[in-house]
Amino acid sequence: MPDPAPIIVVKDISKTFDIPGRPPVHALRHVTNHVDKGEVLVVIGPSGSGKSTFLRALNGLQPVDSGSIVIDGVELTDPKTDLNRLRQGVGMVFQHFNLFQHKTALENITMPQMVVLKRPQGEAEEIGNRLLKRVGIGDKGGSYPSELSGGQQQRVAIARSLAMTPKVMLFDEATSALDPETVGGVLELMKDLAADGTTMVVVTHEMGFAREAADRVTFMDEGAIIEEGIPESIFDNPQHDRTKLFLSQII
Amino acid sequence: MDWILDFYNFRVVAQYIPDFARGLGSTAWISLLALVISLSVGTVVAIMRMSANQLLWRPAAAYVQAIRSTPLLIQIYVIYFTLPALPLLGRRLDELEGGIIALGLNAGAYMSEIIRAGIESISRGQVEGAQSVGMTYLQRMRYVVLPQAIARVAPTLLGQTAVLIKDSSLVSFIGVFELFGAGLLVYNERLMPNEGYLTVAACYLAIYAVMLSLTGYAQRRLGGTAG
Amino acid sequence: MIDVILSTMPFLLEGLWMTFKISLITIFFGSLIGTVVGMLRTLDYALITYPLGAYIHALRGTPFLIHLYFVYFMLPATGISWLQLEAFPAAVIALSLYTSTYVAEIVRGAIEAVPRGQSEAARSTGMTALQTMWYVVLPQAMKLMIPPMGGVYVIIIKGTSIVSVIGIAELVRAGEHATQRHPRELMLIYGMTAMMYFAYCYPVLRLARWAEAKFGSVRLPS
Amino acid sequence: MRKITKLLGLGLCALGMSAVAQSASADVLKDIVKRGELRVAVQTQGPPVSFVDKNGERTGFAIEVVKMMAKDMGVELKLLDYDWKGLIPAVNSGKADFLAADMTPNAKRTLVLSFTEPYLYSDVVLYSKKSQSFVKWQDACKGGVSIGAVQGSSNVGLLKKKCPDSTIKEFAGGGAAVAQAVAADRADAGINDIASAAGYMIEYPEFKVLDGAPKRWPLSFATRPDENHLLRWMDNYFMLIRNDGRLETLADYWMRGPTWKKDH
């Protein structure tokens with residue numbers, strides 16, 4: 001049983017994108033959710049359902065129009081909040097890895113530590129090397145992103161986030177851009193992290209991962225949460241027609 | 001009101017409106033023709049420079065470097081004063097022709113660099129897509145690569161065109177009357193620099209503004225995407 | 001002909017030295033101002049970007065002679081004593097501002113060409129906007145800036161000739177002085193000045209080519 | 001610390017003073033004497049009026065007159081060299097006390113600047129290649145003949161009036177560019193003052209001066225219209241040096257033959 005204290009509390013957030021000359025897009029409609037400490041929340045849904053917007057709202061990369069988000073007691077949506085400070089505690093892994101192209105794998109991990117946390121270089125490198133081993137590419141520290149495969153790059157990106165000792169990790173379709181043969185390894189790594197008790201919010205199309213690793217699954221469509229529950233109930237006994245339709249198409 | 005007339009006398013400028021109109025027309029005409037030359041030369045040279053064939057890229061590179069490394073005025077002088085009678089024309093280029101050609105060849109070197117950068121920014125996928133439907137090299141360039149490349153670098157081409165228009169004032173050195181010459185006419189005859197220079201500046205700015213909006217329009221039409 | 005070359009060479013070299021000095025100072029300050037303006041232009045605040053856009057277009061849409069005229073001759077009319085500029089500082093200020101508009105557009109283009117994901121990743125680690133710019137975006141944008149910057153520098157080097165209007169004896173001016181004493185050798189003397197420009201500009205272009213080859217080809221963003 | 005305050009105070013005083021100096025120019029002659037420096041805008045339009053000689057020194061007829069002037073005033077001379085495009089603004093903006101060039105006053109120009117009484121009258125002549133059939137300058141005034149002139153010079157207006165049928169080509173590159181145009185058969189004839197033309201005759205053996213002069217231009221210095229005292233002073237000065245023969249000596253040396261060529 002995970003610790004019931006919620007680390008993320010999302011209350012009634014909405015976001016509308018206004019594109020000139022087109023009808024406005026309601027990316028989020030009154031979404032309320034929470035994530036407990038140590039919990040793994042997997043968000044699924046068709047593309048354009050608002051799941052990525054939801055995830056990006058959790059570290060303020062995507063400001064919302066209304067509602068509130070509280071992370072570990074700090075209200076993200078309060079304009080007085082120091083977002084940079086808050087983001088140190090929220091790691092994020094992107095679909096396209098977004099490794100800093102001008103830095104080696106190790107430098108990608110050490111640079112934010114030194115710049116943001118002011119860790120001395122020696123300590124940052126020690127942490128960086130340990131984490132590179134942890135994600136399974138201990139020998140690639142000196143390689144530039146362009147010299148690494150997609151799977152290796154994503155491992156570096158995960159290590160980069162972990163180095164900041166985040167309270168929660170966000171995964172934004174972290175395996176969608178990977179070759180099929182490397183997807184498995186990255187998913188294994190994510191399962192490892194989950195098993196270690198890392199609090200995670202994962203947006204993914206990998207239903208196998210959701211079933212195995214999730215504590216709770218949220219299904220979103222058209223900017224709203226349609227249904228949520230433990231993996232078994234969502235996958236084996238979906239209540240809502242849209243959930244059924246989505247699952248039937250994807251599996 | 002009085003101090004404005006002290007600073008800039010509209011009444012005097014009004015007397016020179018025909019000269020400014022003539023100068024503006026001349027500048028527009030010279031620039032337009034030079035622009036056409038420079039874009040054609042620029043496109044050909046850009047494609048030559050990207051060729052693997054030494055006979056193509058070496059002369060193209062030499063042309064670009066030589067033009068960019070020497071002043072335009074001297075290029076104009078060389079074409080006007082030292083170029084002998086052209087066999088095709090049967091005579092030497094006159095002031096206007098010489099000026100336009102020098103200006104066009106000069107700008108062509110700069111344009112070629114911009115166009116080349118644009119072509120290089122088009123992803124391989126576009127070329128491969130065109131190859132996969134059986135297009136020849138020229139067809140690929142003409143229908144796929146160049147339209148996208150030019151749309152992408154349109155703002156840079158605009159900037160270079162602004163330079164070209166201002167540079168066109170140098171043809172006055174070989175006796176062609178243009179916009180800047182009209183401003184100097186006011187300066188020379190009336191010794192009124194504000195009236196001469198500021199009017200000229202306003203005219204150039206007006207041309208620039210028109211071009212700016214035209215570029216925006218063209219870019220939307222050509223479907224240039226940001227980034 | 002040889003005697004004309006020999007007798008005019010020292011003057012032309014002196015002019016070249018002035019061209020060299022003024023262009024280097026201008027390139028330095030113009031790049032500095034232009035980088036700041038270019039970075040500010042990438043921000044999302046209309047209050048900043050619109051005035052800066054107007055600044056860039058106003059300077060690029062008008063001949064440089066007018067800027068020089070404004071800085072050197074019209075500012076003194078304000079009566080403010082520190083605006084009573086001597087020819088050299090006036091030329092440097094006017095040329096630096098002009099240069100900055102070109103540099104700003106290159107910097108902005110290069111920054112915008114760095115994929116958004118790079119700055120998002122940096123921000124997600126908790127870096128501030130400035131840290132993101134300094135540690136992540138600028139180093140990558142720099143590679144895109146170097147080659148077009150070389151082209152602009154060469155334009156500026158040649159553009160310095162206009163400052164002769166306010167009496168700075170740079171290369172073209174020195175050449176003019178020489179042609180007045182030897183009108184018959186006009187083409188020879190201008191040819192010599194062209195060679196000197198070439199000797200200065202060509203290495204700059206080569207350097208830019210070298211940088212381009214080293215850092216990958218230019219991607220000019222729109 | 002006190003030293004710094006003192007320096008700062010001095011600096012501020014100097015700033016204030018310079019502001020005052022700028023605004024207080026009821027009589028620029030007083031300022032000239034006070035500052036001990038005469039600032040003159042000149043144009044390096046070419047020998048023999050104003051040019052840079054083989055030693056790198058600025059000299060010529062107009063320059064030597066001004067040098068003499070400063071010496072007789074007992075002040076230092078500061079020559080400000082401008083392109084023609086910067087000459088008028090230099091005087092208007094107060095950068096220079098007056099401008100010393102071979103400028104020709106006319107009704108419209110005198111509305112803007114005050115011109116001195118002419119210090120010299122100079123003939124304008126036409127020249128061409130010897131191979132041309134022209135003898136008198138009027139021979140070049142017919143359709144199909146092109147005449148080169150310096151862009152913006154008074155000679156352009158003169159040609160328009162006297163030779164309306166000829167094609168007038170204005171070259172912005174100065175008298176040397178016009179001569180080049182004639183030599184390269186880009187213009188059939190050129191127009192310039194007689195002294196400059198004499199210089200071209202030496203440089204270009206294939207040139208000839210056409211007989212007669214379409215015009216004799218008065219040459220003057222000019223200053224801002226409100227500088228009456230300075231204008232009067234300059235007129236007086238010209239009278240003075242004309243009377244004591246110094247002006248004639250200079251004019252003979254510079255304007256009436258190639259004597260100066262040996263020294264410069």
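**Exercise 1. The nonpolar patch**

Find which helix of this predicted model gives the largest share of the nonpolar patch, and then list the residues of the patch.

*Solution.*
Step 1. Start with the helix: H1(C) provides the largest share of the nonpolar patch, 4 residues.
Step 2. Now look at the whole patch on the surface. Phe28(C), Phe29(C), Leu32(C), Ile33(C), Ile93(C) and Leu97(C) make it up, and it covers about 500 Å².
Step 3. Two elements of chain C give two or more residues each: helix H1 (2-41) and helix H4 (87-113).

**Exercise 2. One residue of the patch**

Take Leu97(C): where is it found, and how does it count at 30% relative accessibility?

*Solution.*
Step 1. Locate the residue: Leu97(C) sits in helix H4 of chain C.
Step 2. Recall the cut-offs: buried is under 20% relative accessible area, exposed is over 50%, and partly exposed is in between.
Step 3. Compare: Leu97(C) has 30% relative accessibility, so this residue counts as partly exposed.

**Exercise 3. The second largest pocket**

Describe the second largest pocket by its space, its lining and the elements around it.

*Solution.*
Step 1. Begin with the volume: the second largest pocket holds about 1,500 Å³ of space.
Step 2. Go to its centre. There are 39 lining residues, and the closest to the centre are Thr42(C), Asp44(C), Arg116(C), Ser119(C) and Arg123(C).
Step 3. Trace the elements that give two or more residues to this lining. Chain A brings helix H1 (51-57) and helix H2 (83-88), while chain C brings H1, H4, helix H5 (116-124) and helix H6 (129-159).
Step 4. Pick out the main contributor: H6(C) gives the largest share of the pocket lining, 5 residues.
Step 5. Sort the lining by class: 21 residues are nonpolar, 9 are polar and 9 are charged.

**Exercise 4. The second largest cavity**

How many cavities of 30 Å³ or more does a search of the whole structure find, and what lines the second largest cavity?

*Solution.*
Step 1. Count: the search finds 4 cavities of 30 Å³ or more.
Step 2. Turn to the second largest cavity, with about 50 Å³ of space.
Step 3. Walk around its wall. From chain A come Arg87(A), Gln88(A), Val90(A), Gly91(A), Met92(A), Phe94(A), Arg160(A), Ser161(A) and Met164(A); from chain C come Ala121(C), Ser124(C) and Thr125(C).
Step 4. Assign elements: H2, strand E6 (90-93) and helix H5 (150-162) of chain A, along with H5 of chain C, each supply at least two lining residues. E6(A) gives the most, with 3 residues.
Step 5. Finish with the classes: this cavity lining has 5 nonpolar, 5 polar and 2 charged residues.

Technical notes
Residues numbered from 1 in each chain as written. Chains lettered and ligands numbered in written order. Predicted model: local features only at pLDDT ≥ 70, side-chain atom pairs only at ≥ 80, totals over all residues. Heavy atoms only, no water. Patch = residues over 30% accessible without salt bridge, like charges linked within 9 Å, V, L, I, M, F, W, Y side chains within 5 Å. Areas by Shrake-Rupley, 256 points an atom, 1.4 Å probe, with all protein chains shown as cover. Salt bridge = Lys/Arg side-chain N within 4 Å of Asp/Glu carboxyl O. Buried < 20%, exposed > 50% of the residue type's maximum accessible area, 1.4 Å probe, protein only. 1 Å grid on protein atoms, 1.4 Å probe; cavity = no way out; pocket = protein on both sides within 12 Å on 5 of 7 lines; lining within 4 Å. Points joined across faces, edges and corners; volume = space filled by probe spheres on them. Nonpolar A, V, L, I, M, F, W, Y, C, P; charged D, E, K, R; others polar.
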